[in-house]
Each structure stands twice: as C-alpha cells, then as structure tokens.
Amino acid sequence: MRRRPSRPDRAVELINVLRAVAFRRPPPATDDRSVRSPRVTARVGVMLGVCVAICFATGLTSHWIQHPPSWFYFPSDPPWLYRVSQGLHVITGTAAIPLILVKLQLVFPKMFARPVIGSPLRLLERGSIAVLVSSMIFQLFTGLMNTAQFYPWKFFFTTTHYAMSYVVVAALLVHIAVKLPIIHAAFRGPVDATAPIDNAPQGRHRVGAPS
C-alpha cells in the first residue's frame with residue numbers, strides 16, 4: 001500500500017512547485033509559427049514606438065508654447081505650423097490606440113509565461129511592462145476624452161497629461177533596453193520565419209541563431 005506523504009513532504013513539494021513556476025524557464029520551443037511570433041510583435045512595437053515618439057515631441061511643443069521656458073521659441077509665422085503640430089499629436093495618439101490593443105493581444109499569453117519572476121532582468125522587464133501599459137492606457141484615454149472635451153475626473157488635465165508623458169517615455173526606454181536582444185533578432189530575418197527567438201544575448205549558441 002502506497003504511503004501518504006507527510007506534511008513536511010507536502011510542504012517541500014509545494015515549495016519546489018512554486019520555485020519552478022517563479023524561477024525556472026520551460027523547455028524552449030523548436031519552432032515558432034504563431035501569429036504571436038516575436039517578429040510580428042516587434043514590428044507592431046516599432047509602429048507603436050514611432051507614434052509615441054511623435055506624440056511626445058508634439059505634446060512637448062504644445063506644452064512649451066502654452067508655458068514657454070526662457071530658452072524656447074516657436075515661430076508665429078507661418079500660422080499653420082502649430083495646426084500641423086497639433087494635428088500630428090492627435091493623429092498619432094489616436095493611431096496608438098488600436099496599435100496598443102494589437103500589441104497587448106499579441107503578448108497577452110506571454111504575460112503569464114514561466115518563470116513568473118526569474119532573473120533580475122526578467123523582473124525589470126515585467127515591471128517596466130506594467131508601468132508602460134498602465135501609463136499608456138491612461139494617456140490615450142485621457143487624451144481621447146480631451147479631444148471630445150469630456151472630463152470625468154477631478155485632476156487638471158494639462159499638467160497631469162504632461163507629467164505622465166515622461167513616465168510613458170521612461171518606461172518605454174527601459175522596455176526597449178531590456179528587449180533589445182529579441183528586437184534585434186526579430187528584425188534579422190523575414191517576418192514569416194519560424195526559428196524560435198529567445199530574449200538572450202546574440203551569439204552562435206543561442207537557440208535559433210545561425211551557426
């Protein structure tokens with residue numbers, strides 16, 4: 001008759017399971033034929049990053065025109081120059097909404113992938129993603145409501161939107177720095193390639209790297 005495990009044995013088993021989920025990486029895949037391939041995700045991320053960069057630059061321009069620092073100068077002629085800047089701000093901000101939804105749909109399963117914690121680099125990656133996603137959703141939602149002149153909040157939109165833009169850009173830069181190896185690998189080949197890509201330094205012995 002099989003002996004039932006004791007409570008200390010069960011505690012050790014539970015600890016081992018939690019360690020495996022939190023810190024151990026599952027076996028690597030042999031290929032990647034998914035729509036959620038890093039190659040697709042990286043290309044959508046570049047489009048989203050371009051929109052964020054243009055939106056940030058034009059937003060800073062608008063803020064400095066309304067609250068000019070001593071060193072800032074914006075030409076009053078031609079008069080349509082400010083309209084172009086604001087138009088780009090609204091267009092890129094609006095375009096970022098479907099792009100971030102697509103990006104979230106692509107990476108959603110990976111948010112729950114093992115290991116949950118893993119290395120300090122992975123912990124930094126997950127922290128930057130949490131800050132980036134929450135701050136971007138806040139920025140895009142409040143910006144969209146501002147275009148409709150609907151303000152269902154008590155804070156002052158202009159200063160809050162301006163301050164949060166720095167949070168978005170800082171979190172985006174950290175995210176890019178952490179994911180730079182996988183971004184580099186994703187653009188080394190065609191988008192329909194199937195070799196797996198791992199978030200590791202480029203080298204001859206990395207999975208999926210050419211020998």
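Set aside the neighbours within four places in sequence, and H175 is in contact with K103, S128, I129 and L132. The model is predicted. H175 is found in helix α5. With a relative accessible area of 13%, H175 is buried, because the cut-off for burial is under 20%. I129 lies 46 residues away from H175 in sequence, yet their C-alpha atoms are 6.6 Å apart in space. One of the H175 contacts, L132, also belongs to the main core described below.

## Overall build

How many helices and strands does the protein have? Five helices and zero strands. From the N terminus on, the order reads α-α-α-α-α. The protein has 211 residues, and 29% of them count as buried. Take the contacts with a separation of 6 or more: 65% of them come from residues 24 or more positions apart. The accessible surface comes to about 13,900 Å². Carbon and sulfur atoms hold 69% of that surface.

## Nonpolar cores

In soluble globular proteins, nonpolar side chains tend to be buried together. Here, the largest nonpolar core has 15 residues. Those with the most contacts inside this core are L48, V52, L132 and M136. Which elements give two or more residues to the core? They are α2 (38-66), α3 (80-107), α4 (120-147) and α5 (157-186). Helix α3 gives the most, with five residues.

L48 shows how the core is knitted. Beyond its neighbours within four places in sequence, L48 is in contact with A96, L99, I100 and M136. M136 is itself among the residues with the most contacts inside the core.

A second core is separate and has five residues. Among them are A42, I182, A186 and I197.

## Helix α3 in close-up

Three residues of α3 can be compared by exposure. The table gives their relative accessible areas.

| Residue | Relative accessible area | Class |
|---|---|---|
| W80 | 46% | partly exposed |
| T92 | 8% | buried |
| T94 | 41% | partly exposed |

T92 has its place in helix α3. Why does T92 count as buried? The relative accessible area of T92 is 8%, and the cut-off is under 20%. Leaving aside its neighbours within four places in sequence, T92 is in contact with C51, I54 and C55.

T94 is also found in helix α3. T94 counts as partly exposed because its relative accessibility is 41%, between the 20% and 50% cut-offs. T94 and C51 are 43 residues apart in sequence. Their C-alpha atoms are 9.1 Å apart in space. C51 is thus a reference point for both threonines: a contact of T92, and the partner in the C-alpha distance from T94.

W80 is found in helix α3 too. At 46% relative accessibility, W80 is partly exposed.

## Nonpolar surface patch

W80 also helps to make a nonpolar surface patch of about 580 Å². The other residues of this patch are V46, V50, I54, V84, L88 and F187. Helices α2 and α3 each supply at least two residues of the patch. I54 has a second role, as a contact of T92.

## Aromatic rings

A pair of aromatic rings is described by the distance of the centres and the angle of the planes. The count here comes to 12 aromatic pairs. One of them joins W64 and W71. The centres of these two rings are 5.0 Å apart, and the planes are at 75 degrees. That makes the W64 and W71 pair edge-to-face. W71 is exposed, with a relative accessible area of 60%.

Ring pairs also build a cluster. It links F138, F141, Y151, W153, F155 and F157.

## Backbone points to check

Two backbone features deserve a look. Where is the cis peptide bond? It joins D77 and P78, with omega at about 5 degrees. P78 has its place in the loop between α2 and α3.

The other feature is at Q149, found in the loop between α4 and α5. Phi of Q149 is near 55 degrees. This is a positive value in a residue other than glycine. Is Q149 buried or exposed? Q149 is exposed, because its relative accessible area is 66%, and the cut-off for exposed is over 50%.

Key:
Residues numbered from 1 in each chain as written. Predicted model: local features only at pLDDT ≥ 70, side-chain atom pairs only at ≥ 80, totals over all residues. Heavy atoms only, no water. Core = buried A, V, L, I, M, F, W, Y, C linked by side-chain atoms within 4.5 Å. Buried < 20%, exposed > 50% of the residue type's maximum accessible area, 1.4 Å probe, protein only. Helix = DSSP H or I, 4+ residues; strand = E, 2+ residues; numbered from the N terminus. Contact = heavy atoms within 4.5 Å. Areas by Shrake-Rupley, 256 points an atom, 1.4 Å probe, with all protein chains shown as cover. Phe/Tyr/Trp six-rings, centres within 6.5 Å; stacked < 30°, edge-to-face > 60°. Patch = residues over 30% accessible without salt bridge, like charges linked within 9 Å, V, L, I, M, F, W, Y side chains within 5 Å. Salt bridge = Lys/Arg side-chain N within 4 Å of Asp/Glu carboxyl O.
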